[in-house]
Amino acid sequence: MIRLTVLFFAVFSFSISLGIAQSHKYSRGKDWFSSTQGFIGVWAGANASQIQLNQSYSDFTLISSGDEVIDDQKAYDTFSSNIGNELGLSTAFSFSKLLTLAFSPSYKTIQYNYHSQFIWQDEENSSNILEHKYQHKQILHYLSLPLAIRFKAYGKRIRPYVQFGGYYDMLINAQKQVTTEGIDQASGAQISFTDAPQSTDISQLYIRSHAGVMGGAGLSYNLGTMLIYLDAQYRYGLHSISSASNRYKGTRNLPGFGNVQDDLSIRNISLSFGCYFPLKFLTKDFKPVIL
């Protein structure tokens, strides 16, 4: 992880230096005011997360074996089931028509789900079975601070770009919700049941910060006095988000096996839509500097 971080910052610094050098090349013969531009804007979007399981932990230890089956392995859902949202501001500075540095702080919600189950079978009567299935939903709220360098293609109104950078997220809070359903065949008849969801705060189970690298692409459209854009990003977490010291704290507040926190890192895909307003205008005819 250390080597990857060092490599990222080395490439990031080199790219900025290269971009600034290119900006001087392409703005040769122009004054600084008309060859650069600053922007401020707002944006909103949705994201999907995938959990990378680094190490699994259990809230019990099986000390005997028999016909009973106890399964507390966690089955984590894929991207499509883990949808969150985000809303933020963005500031950007274009060094030239090719290079932009963007800082886009946001309020970001990350959600992920997993399933666990408990199955009991009577040793003397195999038809007596009790099965519990638990759906665990975790919702994490972050203040996200991403910084990205964007390389833009030439164009008059439509400008595609690619980007890469890094992010630092600060945890605001986290909640957990557990829904229990099952089948009871140990009471003389088969009974299906679903319990009402129960929830609690689990902020203590996570570390307070989350850092990683990001890459993506986008498309902007020039409306004259405003830019609108569509942006896609992939974020790769560089470390576990779980608190090792608090792993077994607060796990008895909710029903079901699988409440012990695993060591997890996050992979996240986001798609957002936003608009930018230029900050600099040409003094002669009060038109924005278009880059």
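Colleague: Which residue in β6 is the bridge partner of T100?

Modeller: This is a predicted model, in which local features need pLDDT of at least 70 and side-chain atom pairs pLDDT 80 or more, while totals for chains, interfaces and linings use all residues. Residues are numbered from 1 along each chain as its sequence is written, and side-chain values use heavy atoms, without hydrogens and water. Strand β4 (residues 99-103; a strand is a DSSP E run of at least two residues) pairs with β6 in the antiparallel sense over five bridges (pairing needs at least two). In β6, T100 has as its bridge partner R150.

Colleague: How many bridges join β6 to strand β7?

Modeller: A hairpin of five residues connects β6 to β7. Within this antiparallel pair, E131 is matched with I183 in β7. The bridges joining β6 to β7 (residues 158-184) number 23.

Colleague: Which residue in β6 does W120 stand opposite?

Modeller: Strand β5 (residues 106-121) runs antiparallel to β6, and 16 bridges join them. Opposite W120 in β6 stands L130.

Colleague: Which element gives the most to the lining of the second largest cavity?

Modeller: The model holds six cavities of 30 Å³ or more (sets of points on a 1 Å grid where a 1.4 Å probe fits but cannot get out; lining residues have an atom within 4 Å of a point). The second largest holds about 100 Å³, the space filled by probe spheres set on the points, and its lining includes W43, E86, R150, Y229 and S270. Two or more lining residues come from each of β6 (129-152), β11 (227-237) and β12 (263-278). With four residues, the element that gives the most is β11.

Definitions and conventions. 1 Å grid on protein atoms, 1.4 Å probe; cavity = no way out; pocket = protein on both sides within 12 Å on 5 of 7 lines; lining within 4 Å.
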